[in-house]
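Good morning, colleagues. I should like to take you briefly through one model, and I ask you to keep the structure in view as I speak.

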Amino acid sequence: MKRFERVLAVALPVAQPNFDTDQILPARYLQKPRANDFGAYLFRDLRFRSDGSEVPDFPLNQPAYRDARIVVAEANFACGSSREHAVWALGDHGFRAVIAPSFGDIFLSNALKNGLLPVVLPSDVVAPMLRALLAQPGSRVAVDLEAQTVTGPDRSVHAFAIDPFSKRCLLQGQDELDYTLDQLGHIEAFERRVAAGSA
Amino acid sequence: MFDRIWRSHQIVERDDGQALLYVDRHLVQDGSAPAFEMLRQRGLVPRAPERTFSTPDHYVPTDSRDLATVGDPEKRGMAQALIDDSARAGITCFGLGDRRQGIVHVVSPEQGLSWPGAVIACGDSHTSTHGALGALAFGIGATEVSHVLATQSLWQRKPKTMRIAVDGRLGSGVSAKDIVLAVIAKIGAAGAVGHVVEYAGSAIRDLSIEGRLTVCNMSIEAGARAGMIAPDDATFEYLAGRPYAPAGRDWDDALLRWRALPSDPAAGFDREVSLDAGAIEPMVTWGTSPEDALPITARVPDPAGASSPERRRAMERALAYMGLQPGTLLTDIPIDRVFIGSCTNGRIEDLRSAAASVAGRKVAPGVEAWVVPGSGLVKAQAEGEGLDRIFVEAGFQWRHPGCSMCLGTNGDVVGPGQRCASTSNRNFVGRQGPGARTHLLSPAMAAAAALAGRLTDVRQLASGTVRP
Ligand code: SF4
């Protein structure tokens, strides 16, 4: 997993509530092996027409947003399907953090396991941030994981919460499975208790 | 109930409050190739193959049982990878030639693999389905699937709890699907984010297990981490004698444990919501989120009346995609396709209720209507009851089991601009194919739409007052 420390980058506004993972990564790419660049399929049907040409209105196609590495979105971002490919698509395209008032639960969990930082901020912080990003395309946002702060385009600083374990994994680029494998003794003991009928 | 299951499965708790939960049952489908690949890359093998069951559903053809007919080698490879990965790991797989094959969320309850009190995980968001039997069932992503394969456990942040009580009696023509669409319309697509929902109330109790599976299935469309219903005699009757349900002495022991599961009536929930079953009408969605659901008697809503500018923009976007004008009667919306199937409504009771609407009538000219049973056993049972003949004589296609047009990964898609009355669970933009327009509804309502060629109130069909 890629380490996450601090990102200062152009932010892409996704001004739609309940933006589902089918929009982030359409189902017809789900059978592609992981070795593919899923960034090429990101927002595929919003970004490109069926003939492959770009949809000029789509923000990511506009020069000011092309280097965006942070997404700022409305509530319930990435709801729906559990496809981890949605996280891969954002990550492969270069996105490192997503800021929204809430996320689909499965996406949130998938993101943390792939070095994509999901930041939950209240909607009265996100709404003006979205407006600013739309009014000034190319505005930058900073996300500092160590300090647990987001600095908006207007320089306002907002603290966010993250559980210490996920924070440590992200900062060190470390993976949860290694940690669990260290707990194998506990898992075996649990299985023995179940077999003995006491759990 | 949720607390009891949580506590009895907690292996350890991390200092940040996350718990490592033991997974009793791991269900795997043909989207799992990346998870098996992650496992291989780390040199690990599945820890408890005897607790793991698999069946291909997303990539299987529904016009034949021959994988070789899947033209795209990558798609074919997904189903084949599941069969191969399962065989290598010693995981029981209900493959394409097996009558038990089907949509994983239909197959597992049907085989008696989903039990009250169990923690169930599956790399698919509709795993919430299994909560209908009193299980705690989570949908997970690929990395988590590999984690469960390797360790038979899953880290979870303790969710909040929400009780949704539906009391009273459902009117005629109103089904479990209408209940859950009404719930989502009420609380919103994000209404249950971070929560485990327990459904309660007399209308839920009165539902068959099939109906409860439909309700719990769509919990995820309200953002819930899981949905569940306390087990009762109906649950135990449903499970008794199923192939993988406990038997003999084990059954008696299990019953004792299962009867002790339901929540104390005084148990507190972080949130409570209630609905009057008698006020629920047959529902249909008009937009591109499951929360965009209205009674079939309503009109397409006007964005001008939206509660906020954000909501107005979302509605305008949805109406533009759906090609609908505000004020149009929902019953005036013509349709091109009908899909009866999916893990929401692909069970025997769903097919029976659709067939009851159809009996003796014909699919409207120009409408292409499909019935895709949820499993091989549902298909066989329906054929035993003569339902297939009712559908075929009316002009429906009777297909082989799989996810099919719910998401179209096997190539069963709705064409661009085509409008589909669908018993599936998501009306997202492009869900049934690029440019496809989806209206979610119950099986009886889907059948009625097929006959009339437009969205139709199934109650009028029953009373013979529907316009031709
Ligand atoms: S039927 Fe649809 S929702 Fe259910 S598992 Fe298959 S693709 Fe997913």
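**A sheet, a ligand site and an interface**

I begin with a single pair of residues: Ser54(B) has Cys93(B), in β5(B), as its bridge partner. Please bear in mind throughout that this is a predicted model.

That pair belongs to strand β4 of chain B, residues 52-54, which runs parallel to β5(B) and is joined to it by 2 bridges. Both strands are part of an open sheet of 5 strands in chain B, with parallel pairing and the order β5-β4-β3-β6-β7. At the edges of this sheet stand β5 (92-93) and β7 (136-139) of chain B; each has a single partner strand, so one side of each lacks a neighbour in the sheet.

I turn now to the ligand. Which cavity does the ligand take up? The space in question is the largest cavity. The residues surrounding the ligand include His58(B), His105(B), Asp124(B) and His126(B), as well as Cys343(B), Cys403(B), Cys406(B) and Arg431(B). Sorted by class, this shell comprises 5 nonpolar, 5 polar and 2 charged residues.

Finally, the interface. Here 55 residues of chain B contact 51 residues of chain A. The two chains, B and A, bury about 4,200 Å² between them, with 56% of that area on carbon and sulfur atoms. On the chain B side, the residues losing the most area to chain A are Arg42(B), Arg47(B) and Glu74(B), which together account for 13% of what that side buries.

Thank you for your attention.

Technical notes:
Residues are numbered from 1 along each chain as its sequence is written. Chains are lettered from A and ligands numbered from 1 in the order in which they are written. This is a predicted model: local features need pLDDT of at least 70, side-chain atom pairs count only at pLDDT 80 or more; totals for chains, interfaces and linings use all residues. Side-chain values use heavy atoms; hydrogens and water are left out. A residue is near a molecule or strand if one of its heavy atoms lies within 4 Å of it. On a 1 Å grid over the protein atoms alone, a cavity is a set of points where a 1.4 Å probe fits but cannot get out, and a pocket is an open set with protein on both sides within 12 Å along at least five of seven lines; lining residues have an atom within 4 Å of a point. A molecule sits in a cavity or pocket if more than half of its atoms lie within 2 Å of its grid points. Ala, Val, Leu, Ile, Met, Phe, Trp, Tyr, Cys and Pro count as nonpolar, Asp, Glu, Lys and Arg as charged, and the others, Gly among them, as polar. Two strands pair if DSSP finds at least two bridges between them. Helices (H or I, at least four residues) and strands (E, at least two) are DSSP runs, numbered from the N terminus. Contact means heavy atoms within 4.5 Å. Buried area is the accessible area (1.4 Å probe) that two parts lose on being put together, summed over both.
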